[in-house]
Amino acid sequence: MSKKVQESKEMTSIANKIHGQMIRKKLGLFLATDIFLFIALSFMWIITEEWTHFGKIGFNYERRFTTHGDGFDSLKYIVKTTDGDEMVVNAFKAFILIMCVVGISMFFHFLNIALAYFGEYKKIKKTLKPINDMAIKAEEISRISFDESKYHTIENAIEHISPEQTQKMKLDDKELEGIEAAMNNMLARMHETYLQQTRFVNDASHELRTPIAVIQGYANMLDRWGKEDEEILDESITAIKNESDHMNHLVEQLLFLARGDAGRTEMKKEDVSLNEVMREIYEESLMIDEKHIYKYNEPNVDIHITADASMIKQAMRILVDNAAKYTKEGDEIVFAVGTMEKNEEGTLSGDGTYIGKVRCPYIQVQDSGIGMAEVDVKHMFERFYRADDTRKVQGTGLGLSIAKWIVDKHDGHFEIVSRKEIGTRIRIVFDEKE
């Protein structure tokens with residue numbers, strides 16, 4: 001077997017190891033999500049059935065599941081109150097429905113892994129390709145002037161590459177300094193990617209644990225004091241419903257980003273009027289939020305881009321929702337649509353070049369809220385990132401990441417101006433000529 005083939009197999013082994021770690025982390029996160037979804041749906045079904053039948057939830061009721069020996073399809077959920085009132089519900093259909101929902105969730109999770117499988121592996125191989133090429137090139141050079149021991153040094157160093165590695169690789173050979181520098185640069189990029197994925201998984205797990213903890217807390221409070229206190233009972237049920245909605249919203253956002261990362265989100269681009277998009281967002285905001293003053297001075301010129309209208313609306317709703325969250329009641333939130341000048345290199349009819357100006361469409365939201373520090377602006381599109389002074393406001397930390405993904409897919413970019421205690425202006429500029 002030639003040395004060149006050996007080098008290629010080393011790269012394949014390393015790629016398989018890194019890819020396996022990524023798949024295992026994804027499977028763990030998805031499995032935890034599906035288990036929690038099953039528990040949450042079952043709990044919500046029980047609460048709904050008892051509330052519908054009795055008009056209240058009693059924690060001292062006698063509850064049990066039974067099949068009466070007739071098979072699982074005769075599964076019943078039986079509740080007896082202290083007053084002798086009894087509820088018998090067919091639980092088999094509910095169980096099947098819940099399992100269908102969980103099954104669909106699991107299907108999409110595995111579909112996500114399957115669709116992203118080869119793409120992720122290809123990215124890893126692409127990242128490792130420079131090392132593979134260098135190793136092969138080194139073999140060719142060795143036949144001319146290098147000592148064979150130098151290649152064993154490189155071989156051993158490559159073999160021990162790991163995404164968790166933080167220390168720089170040292171080959172202790174002046175003739176290999178160039179290869180050493182290239183390896184360390186690649187290793188730094190691998191480590192940063194690994195850290196980003198690890199942070200994402202950990203943050204997602206934390207965000208999913210939070211609503212569970214709240215639901216458990218209120219359930220315990222109901223068990224201790226809510227049996228006879230109707231006020232505590234109402235408060236607890238409301239809180240449990242709110243946390244369930246919050247968790248559902250979080251899971252939907254995670255699935256959106258997962259589908260996007262896997263390349264499974266389809267864009268239906270067509271000619272779109274930014275004026276109409278902003279007008280719809282403006283009218284929606286007036287209807288659902290009476291606590292703020294919304295303004296929109298529509299331009300006289302109709303501005304068009306080629307885009308997926310629903311995606312652009314989704315990105316704008318995220319920006320408007322953020323603006324409303326961090327702006328005091330009664331303050332203004334201003335919408336705008338327009339074009340802005342942008343420098344662009346062009347080619348003259350000769351050999352010379354010139355700097356010409358083109359006009360690019362934009363759409364923006366400007367608030368008079370709490371504003372952001374410069375350090376927060378730099379990180380605001382990172383997944384789960386939330387500034388210290390915004391943590392008291394409920395949110396997932398994923399909205400702006402979704403908005404950025406949408407804008408990136410439309411070849412656009414954000415321009416942000418923000419000052420603490422003054423407000424924030426976020427402008428989406430589409431990098432296409434008017």
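**Close-up 1. An open, antiparallel sheet of 3 strands in the predicted model.** The strands follow one another in the order 1-2-3, and their pairing is antiparallel. Strand 1 (62–66) and strand 3 (86–90) stand at the edges, and because each has a single partner strand, one side of each is left without a neighbour in the sheet. From one strand to the next, the twist averages 15 degrees. In general, strands of a sheet pair through backbone hydrogen bonds, in either a parallel or an antiparallel manner.

**Close-up 2. The pairing of strand 2 with strand 3.** Strand 2, which covers residues 76–80, runs antiparallel to strand 3 and is joined to it by 5 bridges. Within this pairing, Ile78 stands opposite Val88 of strand 3.

**Close-up 3. A nonpolar surface patch of Leu27, Met106 and Phe110.** Together these residues have about 260 Å² of accessible area. Met106 has its place in helix 2, which spans residues 91–142, and Met106 counts as partly exposed because its relative accessibility is 32%.

**Close-up 4. The surroundings of Ile416 in strand 9.** Strand 9 comprises residues 412–419, and Ile416 counts as partly exposed because its relative accessibility is 24%, which lies between the limits of 20% for buried and 50% for exposed residues. When neighbours within four places in sequence are left aside, Ile416 is in contact with Met372, Val377, Met380 and Phe381, and also with Thr424, Arg425 and Ile426. Although Val377 and Ile416 are 39 residues apart along the chain, their C-alpha atoms are separated by 7.8 Å.

How values were computed. Residues numbered from 1 in each chain as written. Predicted model: local features only at pLDDT ≥ 70, side-chain atom pairs only at ≥ 80, totals over all residues. Heavy atoms only, no water. Helix = DSSP H or I, 4+ residues; strand = E, 2+ residues; numbered from the N terminus. Buried < 20%, exposed > 50% of the residue type's maximum accessible area, 1.4 Å probe, protein only. Contact = heavy atoms within 4.5 Å. Pairing = 2+ DSSP bridges. Axes fitted to C-alpha atoms, helices over the stretch in contact; angles between N-to-C directions. Patch = residues over 30% accessible without salt bridge, like charges linked within 9 Å, V, L, I, M, F, W, Y side chains within 5 Å. Areas by Shrake-Rupley, 256 points an atom, 1.4 Å probe, with all protein chains shown as cover. Salt bridge = Lys/Arg side-chain N within 4 Å of Asp/Glu carboxyl O.
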